[in-house]
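Dear colleague,

Please find the structure below. My notes on it follow directly after.

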There are 2 protein chains.
Amino acid sequence: MNAKYISIYHKLIEQIEKGAFTVGSKIPSEKLLMEQFDVSRDTIRKSLQMLEQNGYINKVKGKGSFILDTAKLNFPVTGLISFKELSNQIGREAETIVEILEKKWPSKFIREQLEIDDQTAIWKVVRARKIDGKKIILDKEYYNSSYVEKLSRSICEGSIFDYIENTLHLNIGFAKKEIVVQACTEDDQKYLDLDGYDMVVVVNTFVYLDDGSLLQYGQSRHRPDKFKFVDFARRIQQVNE
Amino acid sequence: MNAKYISIYHKLIEQIEKGAFTVGSKIPSEKLLMEQFDVSRDTIRKSLQMLEQNGYINKVKGKGSFILDTAKLNFPVTGLISFKELSNQIGREAETIVEILEKKWPSKFIREQLEIDDQTAIWKVVRARKIDGKKIILDKEYYNSSYVEKLSRSICEGSIFDYIENTLHLNIGFAKKEIVVQACTEDDQKYLDLDGYDMVVVVNTFVYLDDGSLLQYGQSRHRPDKFKFVDFARRIQQVNE
DNA sequence: ACGCATTTGTTCGTATGTATC
DNA sequence: CGATACATACGAACAAATGCG
């Protein structure tokens, strides 16, 4: 079903995570991989480019592609990842409590964030996230109901993204996140176990569909001592002329 | 000097930022761009892929490539960018005060972070960053002296990265950043105008050279109300099999 | 210092698949 | 259905960096 280069990308990740190559060592050359997978160089290069962009390898001209220490780089937190995927990865007991679920008309603030008029209803979802018995994240999300017509409590207890992608068959395209720190609000105190902290880390998120339309605005509010964001970045190519 | 696709990438950015295309509109098709720049489709596609990855456009199969609202997406903060580049971009009066500059033997903590032994000297640089008259960022950086032999006060007052790339001709490859929030330390109180805040946002950074060797470990400590981090992410391709 | 083999980087060409309109 | 536009895949050639003898 998938493109060859994507399936090779996943196969290589599997090998890397299995420890088939030691950290700092070279992976087979493009020529060898071509033969192993019986594909063209173009296809292998696309797979390797994905590995490079996602921080698995570092390519050096004339030398080869080297495995990076993904454990040390504390992967992956950059990018779009849902709370459910995250809790699966960290392997800790996590629980989601749906505090509010309602379809309503948008306030001025939400109209501005979602770029809609007052004739477009929205779904408002507020969920507290419990890890190791403490409520440390408060997620407030607003969905454009033109794209998500119906939401239920049971969907919200699982992964809304799962529902959007696999049931509604909408394709998430990209997202913008903004991280700031704010004084905590009454809602934070009401829904979170703040443990004395008077500030929260706020991650504002705008999620767009494949075709560029704005699906969701969300605020993820974290207790400061439990927040961590990891980013992997490559140096942007410079102009030499 | 540069590769064609990189120079076309920069030319297209220039056009986009000049407002040659309106937000939400299509840019010329790959076929047209091929003719305009007189290059192959492969070259154009590489340029467009870079634009897409850096959040300038959104490509939709069968439709075209659409301009994203880069102003709204609040560019660019993701990725590697030095304080000097940043202050140029935001266009505010910014000043750097070099508080500490010394070559010394590494502590145990720094040895672990930089993955060196106690025979490798390090450069320690502490700089306060003043914006609009207030010291709001404290940068503590440690460089492996095997790569950076000499540092001077005047270099530190400008951009150390400039010096590393343009004078030492070392190529920065990639970096890992980690964002956390911590209680402020004595140093924070000593060097920053904290304005009553008792927490700081800490960005831990590991900067690697082209060949994968670790050049720098740094802590960038920010007053919480003045901190903002923006991230642009694309949905990672899923397995469909 | 030099040439040669290896490896990745860039560019071109061509063909076919798939989504949109 | 046909035209357009982007996606995937293969092949080929040369450039540039590296390592070795």
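In this predicted model, a polar side-chain atom of T43(B) lies 2.6 Å from a phosphate oxygen of DNA strand C. This is a polar contact, that is, a pair of N or O atoms within 3.5 Å; within protein, one must be able to donate a hydrogen and the other to accept it, and residues adjacent in sequence count only if both atoms are side-chain atoms.

Chain A also reaches the strand. An N or O atom in the side chain of R45(A) is 2.9 Å from a phosphate oxygen of DNA strand C, and a backbone N or O atom of G62(A) is 3.5 Å from a base oxygen of that strand.

There are 22 residues around DNA strand C, and R41(A), K4(B), S40(B), T43(B) and K46(B) come nearest. A residue is near the strand if one of its heavy atoms lies within 4 Å of it. The residues of this surface divide into eleven charged, seven polar and four nonpolar; Asp, Glu, Lys and Arg count as charged, Ala, Val, Leu, Ile, Met, Phe, Trp, Tyr, Cys and Pro as nonpolar, and the others, Gly among them, as polar. On the DNA side, 68% of the strand C atoms within 4 Å of the protein belong to sugar or phosphate, and the rest to bases.

Residues are numbered from 1 along each chain as its sequence is written, with chains lettered from A and ligands numbered from 1 in the order in which they are written. Local features need pLDDT of at least 70, side-chain atom pairs count only at pLDDT 80 or more, totals for chains, interfaces and linings use all residues, and side-chain values use heavy atoms, with hydrogens and water left out.

Yours faithfully
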